[in-house]
Amino acid sequence: MALPSPTTTLGRGAARHSYFPGRRAATAAVVCVLAVALAGCGGTTKKDNDNGGAAKSDAKADPDAPLKKGLKLAFLPKQINNPYEKLVDEAGIAAVGEFGGKGKEVGPSDASASSQVSYINTLIQQRQDAILIAANDPNAVCGPLKQAMKKDIKVVAYDSDTAPACRQLFINQASSEEIGRSQVQHLAKQLDYKGQIAILSATQNATNQNTWIRFMKEELSKPAYKDMKLVKTVYGDDDDQKSFQETQGLLKAYPKLKGIIAPTTVGIAAAARYISGSSYKGKVVLNGLGTPNQMRKYVKDGTVEQFALWDPKKLGHLGSFAAAALASGQITGAEGEKFKAGKLGEYTVGKDGEVILGPPTVFDKANIDKFHF
């Protein structure tokens with residue numbers, strides 16, 4: 001099967017980027033068509049949706065094994081033109097060069113549930129040693145990813161997880177609960193714990209977005225937030241123009257809206273652009289997850305007081321070393337195993353194969369000029 005375009009490939013040492021059920025049947029049908037060449041239709045079966053733990057391996061870990069030379073690692077982002085994921089992937093590809101491997105990035109131009117399936121099938125044909133994927137849908141990619149693992153291709157999810165049974169590791173930016181709850185906590189302080197709020201998310205199926213939103217709602221249920229009300233969650237699909245339009249729609253539909261949480265780098269930048277040129281500037285608080293380079297001008301012109309994120313370059317670096325450790329037999333993905341991630345030091349595999357990069361950083365006028373990504 002020919003690899004769909006667009007495709008971006010970077011060689012060794014190249015240096016350089018958001019968390020439901022009615023659509024599953026349609027998604028499964030699309031997956032069947034795209035995956036039939038190499039895999040049976042299993043993208044949304046009950047088995048694929050098994051959250052009982054990461055994919056199991058009969059192999060035994062050898063922590064003293066050296067990293068293999070010549071490893072082939074492929075990054076498959078949600079969409080190829082997402083600036084945040086471009087930072088992650090390019091840093092990951094640069095890290096591959098540190099242990100003598102070859103890295104590349106391939107992916108779709110849209111973030112639909114099944115758009116990554118054909119790329120996974122092609123990467124299997126190419127016999128990559130590891131596939132690193134930021135999943136657009138936790139289940140739609142499961143069929144082909146399981147086929148990859150059967151062929152001893154290691155699967156590492158990053159940024160947005162697959163169903164745990166469909167990969168060996170998940171490289172998480174930070175604790176999902178910490179991200180979700182802190183988004184509400186930060187916004188609430190800015191609003192003095194009063195007023196209507198909305199959420200501008202990415203796609204409806206994005207694992208990370210839905211997980212964060214679940215914790216946001218749990219946080220909002222506490223007595224401290226009794227005077228705050230979540231009136232709407234909208235989806236910009238990680239598309240700049242749609243996110244811009246959704247922001248405009250929210251503010252027109254809810255004239256008493258006081259705050260917006262956008263836990264997506266595309267969404268928060270688009271929302272800030274709309275608010276900065278409107279009468280809502282200084283009246284509606286925008287918070288969420290963004291990159292300093294995208295948000296710098298909006299912080300300095302007073303549109304946004306603060307926002308948060310982790311270092312996406314470190315996420316990519318960690319992903320590459322984790323995948324290499326898997327492919328070299330140093331780890332299998334079992335809880336408690338340890339591996340070294342180059343300049344980032346040692347990491348430990350947690351429950352269900354999760355590896356956490358670390359806590360996010362809050363950016364504001366006082367520190368934003370210290371960061372450039």
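In this predicted model, Leu132 stands opposite Val156 of strand 5. Strand 4, residues 130–133, pairs with strand 5 in the parallel sense, over 4 bridges. Between the two strands the chain passes through helix 4, and this β-α-β crossover is right-handed. Strand 5 also pairs with strand 6, again in the parallel sense, over 3 bridges. There the bridge partner of Ala157 is Phe170 in strand 6.

Strand 5 is largely enclosed by the rest of the structure, because 5 of its 5 residues are buried. Lys154, Val156 and Tyr158 point one way from the strand. Val155 and Ala157 point the other way. Side chains in a regular strand alternate between the two faces of the sheet.

Helix 4 is mostly covered, with 8 of its 9 residues buried. The buried set consists of Cys142, Gly143, Pro144, Leu145, Lys146, Gln147, Ala148 and Met149. These residues pack against helix 3 (117–125), strand 4 and strand 5. Asp152 follows helix 4 and has a positive phi, near 65°.

The model contains 1 disulfide. Cys142 and Cys166 form this bond, with their sulfur atoms 2.0 Å apart. Cys142 lies in helix 4 (residues 142–150), and Cys166 lies in the loop between strand 5 (154–158) and strand 6 (169–172), so the bond ties together parts that are 24 residues apart in sequence. The disulfide is right-handed, because the torsion about its S-S bond is about 100°. Both cysteines, Cys142 and Cys166, are buried.

Thr162 is found in the loop between strand 5 and strand 6. Thr162 has a relative accessible area of 2%, so it counts as buried. Beyond its neighbours within four places in sequence, Thr162 is in contact with Ile133, Ala135, Pro138, Val141, Leu145, Ala157 and Arg167. Of these contacts, Leu145 is one of the buried residues of helix 4, and Ala157 is a buried residue of strand 5.

Leu76 lies in strand 2, residues 72–76. Its relative accessibility is 0%, so Leu76 counts as buried. Leaving out residues up to four places away in sequence, Leu76 touches Val106, Gly107, Pro108, Gln116, Tyr119, Ile120, Leu132, Ile133, Ala134 and Tyr158. Leu76 and Tyr119 are 43 residues apart in sequence, yet their C-alpha atoms are 7.8 Å apart. Leu132, another contact of Leu76, is the residue that stands opposite Val156.

Nonpolar side chains tend to be buried together in soluble globular proteins. The largest nonpolar core here has 80 residues. Leu286, Trp310 and Phe339 have the most contacts inside this core. Helix 10 gives the most to the core, with 9 residues. A second, separate core has 20 residues, including Ala74, Leu76, Cys142 and Met149. Cys142 is thus part of both this second core and the disulfide with Cys166.

Trp310 has contacts with Tyr84, Gln173, Ile179, Trp212, Leu289, Leu315, Leu357, Pro360 and Phe373, not counting residues up to four places away in sequence. Among these partners, Trp212 is one of the buried residues of helix 6.

Helix 6 is mostly covered, with 11 of its 14 residues buried. The buried residues are Thr207, Asn208, Gln209, Asn210, Thr211, Trp212, Ile213, Phe215, Met216, Glu219 and Leu220. Their cover includes helix 5 (176–191), strand 7 (195–201), strand 8 (228–235) and strand 9 (257–262). At 1.5 Å a residue, the 14 residues of helix 6 (207–220) should span 20 Å. The end C-alpha atoms are 20 Å apart, which agrees.

Lys314 is found in helix 10, residues 312–327. With 40% relative accessibility, Lys314 counts as partly exposed. Lys314 touches Leu344 and Leu357, not counting residues up to four places away in sequence. The C-alpha atoms of Lys314 and Leu357 are separated by 7.7 Å, although the two residues are 43 residues apart along the chain. Leu357 is also among the contacts of Trp310.

Conventions: Residues numbered from 1 in each chain as written. Predicted model: local features only at pLDDT ≥ 70, side-chain atom pairs only at ≥ 80, totals over all residues. Heavy atoms only, no water. Disulfide = S-S within 2.5 Å. Buried < 20%, exposed > 50% of the residue type's maximum accessible area, 1.4 Å probe, protein only. Contact = heavy atoms within 4.5 Å. Pairing = 2+ DSSP bridges. Right-handed = clockwise from strand over helix to strand, strands pointing away. Expected span 1.5 Å × (residues − 1). Core = buried A, V, L, I, M, F, W, Y, C linked by side-chain atoms within 4.5 Å.
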